[in-house]
Amino acid sequence: VSRWALPRENLRNIPLRPLRSDFDLASASLTMSATDGSTVPSVTFKTRTRIGPPEDENPFDWKDVTSEDLFKGKRVVLFSLPGAFTPTCSSFQLPGYEAAYEQMKALGIDDVYCLSVNDAFVMRQWGLKQGMAEDMTFGANGFTKVKLLPDGACLFTRGMGMSTTWEKERGFGERSWRYACVIDDMKVEKMFIEGGGIVQDSGPDPYEVSDAAPMLAYLESVKK
């Protein structure tokens, strides 16, 4: 039995994807990345904050948000993916965490963040396309459940050692490898990296350990 096994009732509403069989870890070129106990990078995220009513043409302004603002003194879940609007991210990973948001909060998580190497405009439009509920209060910085975190300059992703470049495959350029982690007061408590490590210009897109179900199982296993 998998150590990540959860009671069936805890998995309802979480989109699940079949395991892939075409990822050859033995032949992969792996890059060193953050591990359990690592300190997360201190960077500034360029976000958009609400300053006006919804009927305004552009009710937002820029707001710098630091790693410390998000993670210091908090225990959060962060999952990162190759790109907004891409199939696996849109059909499985983001909807899965959105569906599991309240369960994760009940298991001692202060907030849940979805990070991608995209700008704040793209991340907001993706959230709206996903049907996520936007926080409409003045000063709000995103959505009511999972928060979409723009790492447009790839600073956090590089600092985590999770940067990968898709050139021949997909033509994405520099993006984040798919992973999920628990961050407790600026330190990685638990890391889930697809394929066991980064692969540059990977053909396969492994999606086996960074979805919401293994994260819920881990949080259940360590709850106090």
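This is a short tour of one sheet, three helices and two loop residues in a predicted model.

Before you start, note that residues are numbered from 1 along each chain as its sequence is written. In this predicted model, local features need pLDDT of at least 70, side-chain atom pairs count only at pLDDT 80 or more, and totals for chains, interfaces and linings use all residues, while side-chain values use heavy atoms and leave out hydrogens and water.

**The sheet**

Begin with the strands. Helices (H or I, at least four residues) and strands (E, at least two) are DSSP runs, numbered from the N terminus. Two strands pair if DSSP finds at least two bridges between them. Five strands, in the order β6-β5-β4-β9-β10, make an open sheet with mixed pairing. Select 147–150 for β6 and 187–193 for β10: these are the edge strands, and each pairs on one side only. On average, neighbouring strands of this sheet are turned by 25° against each other, direction ignored. Such angles run from 0 to 180 degrees between N-to-C directions, with axes as lines fitted to C-alpha atoms, for helices over the stretch in contact.

Next, select residues 75–81 (β4) and residues 111–116 (β5). They pair in the parallel sense over six bridges. To see one bridge, pick L78, whose partner in β5 is Y113.

**The helices**

Contact here means heavy atoms within 4.5 Å. Select residues 87–106, helix α2, which lies across β4, β5, β6 and β9 (179–184) and runs at about 175° to β4. Then move to residues 120–129, helix α3. This helix lies across β4, β5 and β6, at about 155° to β6.

Now select residues 212–222, helix α5. Is it mostly covered or mostly open? Helix α5 is mostly covered, with eight of its eleven residues buried. Buried means under 20% relative accessible area, exposed over 50%, and partly exposed in between (1.4 Å probe, protein chains only). The buried residues of α5 include M215, L216, Y218 and L219. Against what do the buried residues of α5 pack? They pack against β4, α2, β9 and β10.

**Two loop residues**

Select F85, in the loop between β4 and α2. F85 has a positive phi, near 70°, and is a residue other than glycine. F85 is partly exposed, with a relative accessible area of 44%.

Last, select C154, in the loop between β6 and α4 (155–159). C154 is not a glycine either, yet has a positive phi of about 70°. This residue is buried, with a relative accessible area of 2%.
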